[in-house]
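Q: I'd like to learn how to read strands, sheets and helix packing in a model like this one. Can you walk me through it?

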Amino acid sequence: MSSSKSNKIVKLESSDNKTFEVEEAVAVQSETLKNMVDDGCANDTIPLPNVNGKILEMVLGWCKKHVDETVTGDELNKYEADFLDLDQADLYGLLMAANFLNVKGLLDRVLQRVADMIKGKKPEEIRRIFNIKNDFTPEEEEEIRLENAWAFD
Amino acid sequence: MSDYLPNEVIIEILSRLPVKSLIRFRGVSKTWYTLISSAHFIATHLNRALSNPQHPPHLLLHHLNYELNKDSFTLHSSDDPFPHNHFTKHLDYSSPAIHILLLSLDKEIEEKGGFFAYPSDFIELHCLHQSINHFLYVVGSSNGLLCLADDVFGNKVGLYVLWNPSIQKAISLPEPNIGFRSHGRFIHSLGFGYDPKTEDYKLVRLVYIEGTTDIRFNTVPPLVEIYSLRTSAWHSVKAPGPPYVIEMWSLSVFLNGAVHWPAHTQRHQGAFRNVIVSFDMNDEAFREVAMPKSLQGVEHLNVTVAIVDGLLALVPFNEWGNEEFYSVWVMKEYGVAESWTKLFDIDIGEGLERVIGVTKNGEVLLTKAGNLFSYGPSSQQTFDLHIRGATDSFSLDTYVESLLLLNTADGVLGN
């Protein structure tokens with residue numbers, strides 16, 4: 001294992017070529033980055049082609065907040081709640097980033113937030129959000145709707 | 001979200017959704033239909049529900065509602081299932097003036113419809129099945145699957161139903177193999193539970209055939225058969241039945257992977273002893289758990305098994321001279337007879353009929369003249385919940401939302 005973690009800096013580059021420098025302690029909140037650090041692959045700038053600069057900045061902000069010992073429990077709760085108050089596009093980007101970077105606490109929160117956002121929606125709205133093709137015939141769709149009418153009220 | 005989301009992320013999102021949304025989202029696409037109906041997803045969704053601290057299981061209350069003459073199933077919060085403050089607004093019970101106030105409040109509450117005048121306190125479950133007997137009997141509740149029996153009186157072998165209220169689906173079980181036609185008159189007791197190794201839900205039936213001595217149902221061992229949801233069939237059990245008598249329609253509880261019933265040795269066959277019989281749902285074997293020493297030798301013991309605070313419990317009825325009262329005992333260390341501890345007595349004077357259960361916050365639910373009351377063991381006060389029904393129809397179980405039965409073939413009661 002790497003010896004002194006205290007001052008090591010990790011360099012990251014987003015898909016839109018923005019670079020970020022963070023302390024190793026912050027970066028390893030991401031399991032993916034932690035594995036790279038442990039494997040000794042984090043000496044040069046790590047490219048993240050599937051995370052844009054805006055989202056990466058948010059994720060690193062989350063990680064920084066969670067290693068900051070001066071932050072109280074209440075402050076952290078409020079931070080987490082406000083953090084997820086995003087529009088759909090940003091939320092999606094955040095979801096993909098949190099999944100790829102495997103930032104534990106963040107991923108769970110984002111997944112729950114997405115679930116809460118979609119739970120009341122109709123199937124056609126779900127298809128639009130997730131870009132899913134409707135491969136049911138109109139008759140099949142109607143059958144499902146009738147079979148479970150109580151769920152469609 | 002216009003890009004492609006990996007499958008495992010979709011599953012993570014879906015497993016956090018309530019059941020009603022999932023049923024609806026089966027209509028999104030064929031892939032989602034198959035995914036949501038798959039046994040693997042059903043199990044994933046259930047495991048998340050069971051381990052979620054934000055949504056503890058509900059309390060399920062069942063009773064026969066006399067006025068409407070139908071079985072009522074309601075879900076209550078496990079933390080404060082029957083909020084007293086809806087009725088009394090923090091009254092001081094020790095004040096004598098309160099009793100007059102309470103009497104007039106009682107009437108007011110009665111006119112409004114009792115506890116069920118406050119619809120925000122409970123969720124009503126819509127039961128598709130209409131009992132052909134007096135009322136339905138809840139054999140058990142496991143992971144959101146309820147097992148109902150429609151046979152309370154006599155020796156008829158009635159209907160058995162597995163019901164998942166959250167997806168409004170029920171299936172009717174096939175007729176058991178052991179019955180009047182094959183074996184003559186009998187009594188039986190039932191148990192329902194879950195086998196985690198095979199992920200199977202099972203209903204076990206212990207049948208005592210009428211003997212030829214003066215005590216009608218005193219022959220051991222009973223015949224045993226078990227229904228498994230996985231096989232959708234009844235099968236006989238390899239292990240011999242227990243050498244004990246379980247009285248007719250004894251209520252059972254499911255704890256530590258096994259069903260438990262109160263039982264005793266045969267009458268007039270040597271030393272008499274009360275005992276608890278257990279049946280493990282996984283290895284399908286019978287074992288026994290000792291009762292507290294002071295209860296072991298009591299002939300004609302009126303006792304029910306229960307679960308209090310996650311522990312195996314006994315609620316015996318005591319008669320001391322003119323006094324009649326119930327006690328609540330818990331087995332602090334499962335299987336260790338010396339760990340039986342009496343928690344408290346329930347002595348409310350006349351009229352105490354049955355103890356239905358003990359809630360998470362220590363309230364005892366009991367019936368008096370067909371009315372459900374809440375009793376506080378430390379205050380020794382009773383509180384009328386204004387829920388009326390057939391005394392024997394009351395039962396309390398835990399309940400979670402799940403998708404169980406979604407991928408089971410429709411039975412008679414599918415809508």
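**Reading strands and helices**

A: Sure. Strand 2 of chain B, residues 70-76, is a good place to begin: 6 of its 7 residues are buried, so "mostly covered" is a fair label. Keep in mind as we go that this is a predicted model.

Q: Which strands does strand 2 of chain B pair with, and in what sense?

A: On one hand there is strand 1 (residues 58-65) of chain B, joined to strand 2 by 7 bridges, with the two running antiparallel. On the other hand there is strand 3 (residues 122-125) of chain B, again antiparallel to strand 2, over 4 bridges. To get the register, look at residue partners: B:Leu59 sits opposite B:His76 of strand 2, and B:Phe73 has B:Leu125 of strand 3 as its bridge partner.

Q: What does the hairpin of strand 1 and strand 2 of chain B have between its strands?

A: There are 4 residues there, and B:Asn69 takes a positive phi near 50°.

Q: How should I think about side chains along a strand?

A: Here's the general idea: in a regular strand, side chains alternate between the two faces of the sheet. Bear that in mind when you look at strand 17 (residues 311-320) of chain B, where 7 of the 10 residues are buried.

Q: In what order do strands 16, 17, 18 and 19 of chain B lie in their sheet?

A: The order is 16-17-18-19, in an open sheet of 4 strands with antiparallel pairing. Strand 16 and strand 19 (340-346) of chain B are at the edges with a single partner strand each, so one side of each has no neighbour in the sheet. From one strand to the next, the twist averages 30°.

Q: How many bridges link strand 17 of chain B to strand 16 of chain B, and how many to strand 18 of chain B?

A: Strand 16 (residues 303-308) pairs with strand 17 over 6 bridges, in the antiparallel sense. Strand 17 and strand 18 (residues 323-331) are likewise antiparallel and joined by 6 bridges. For the register, B:Val303 stands opposite B:Pro316 of strand 17, while B:Ala313 has B:Val330 of strand 18 as its bridge partner.

Q: Which residue in each turn has a positive phi?

A: Strands 16 and 17 of chain B make a hairpin with 2 residues between them, and there B:Asp309 has a positive phi of about 60°. The hairpin of strands 17 and 18 of chain B also has 2 residues between its strands, with B:Gly321 at a positive phi of about 60°.

Q: Which are the edge strands in the sheet of strands 8, 9, 10 and 11 of chain B?

A: Start with the order: 8-9-10-11, an open sheet of 4 strands with antiparallel pairing. The edges are strand 8 (186-195) and strand 11 (233-236) of chain B, each pairing on one side only. The twist averages 25° between one strand and the next. Strand 10 (residues 223-228) of chain B runs antiparallel to strand 11 and is joined to it by 4 bridges, with B:Glu225 partnered by B:Ser236.

Q: Let's zoom in on one residue. Is B:Phe286 buried or exposed?

A: Its relative accessibility is 16%, so B:Phe286 counts as buried; the cut-off is under 20%. B:Phe286 belongs to strand 15 (residues 286-290) of chain B. Leaving aside neighbours within four places in sequence, its contacts include B:Leu206, B:Val224, B:Pro240, B:Trp261 and B:Phe279.

Q: Now helices. At what angle do helix 1 and helix 3 of chain B pack?

A: Helix 1 (residues 7-14) and helix 3 (residues 30-37) of chain B pack at about 60°, with axes 12 Å apart. That makes helix 1 oblique to helix 3, and the crossing is right-handed. B:Ile10, B:Ile11 and B:Leu14 of helix 1 make the contact with B:Trp32, B:Leu35 and B:Ile36 of helix 3. By type, these contact residues are 6 nonpolar, no polar and no charged.

Q: And how do helix 5 and helix 6 of chain A cross?

A: Helix 5 (residues 88-101) and helix 6 (residues 104-118) of chain A cross at roughly 145°, and their axes come within 9 Å. Here the crossing is left-handed. Among the residues that meet are A:Leu91, A:Leu95 and A:Asn99 from helix 5 and A:Leu107, A:Arg113 and A:Met117 from helix 6. The contact residues divide into 10 nonpolar, 2 polar and 1 charged.

Technical notes:
Residues are numbered from 1 along each chain as its sequence is written. Chains are lettered from A and ligands numbered from 1 in the order in which they are written. This is a predicted model: local features need pLDDT of at least 70, side-chain atom pairs count only at pLDDT 80 or more; totals for chains, interfaces and linings use all residues. Side-chain values use heavy atoms; hydrogens and water are left out. Axes are lines fitted to C-alpha atoms, for helices over the stretch in contact, and angles run from 0 to 180 degrees between N-to-C directions. Angles under 35 degrees count as roughly parallel, over 145 as roughly antiparallel, 65 to 115 as roughly perpendicular and the rest as oblique. A crossing is left-handed if the near helix is turned anticlockwise from the far one by less than a right angle, and right-handed if clockwise. Contact means heavy atoms within 4.5 Å. Ala, Val, Leu, Ile, Met, Phe, Trp, Tyr, Cys and Pro count as nonpolar, Asp, Glu, Lys and Arg as charged, and the others, Gly among them, as polar. Buried means under 20% relative accessible area, exposed over 50%, partly exposed in between (1.4 Å probe, protein chains only). Two strands pair if DSSP finds at least two bridges between them.
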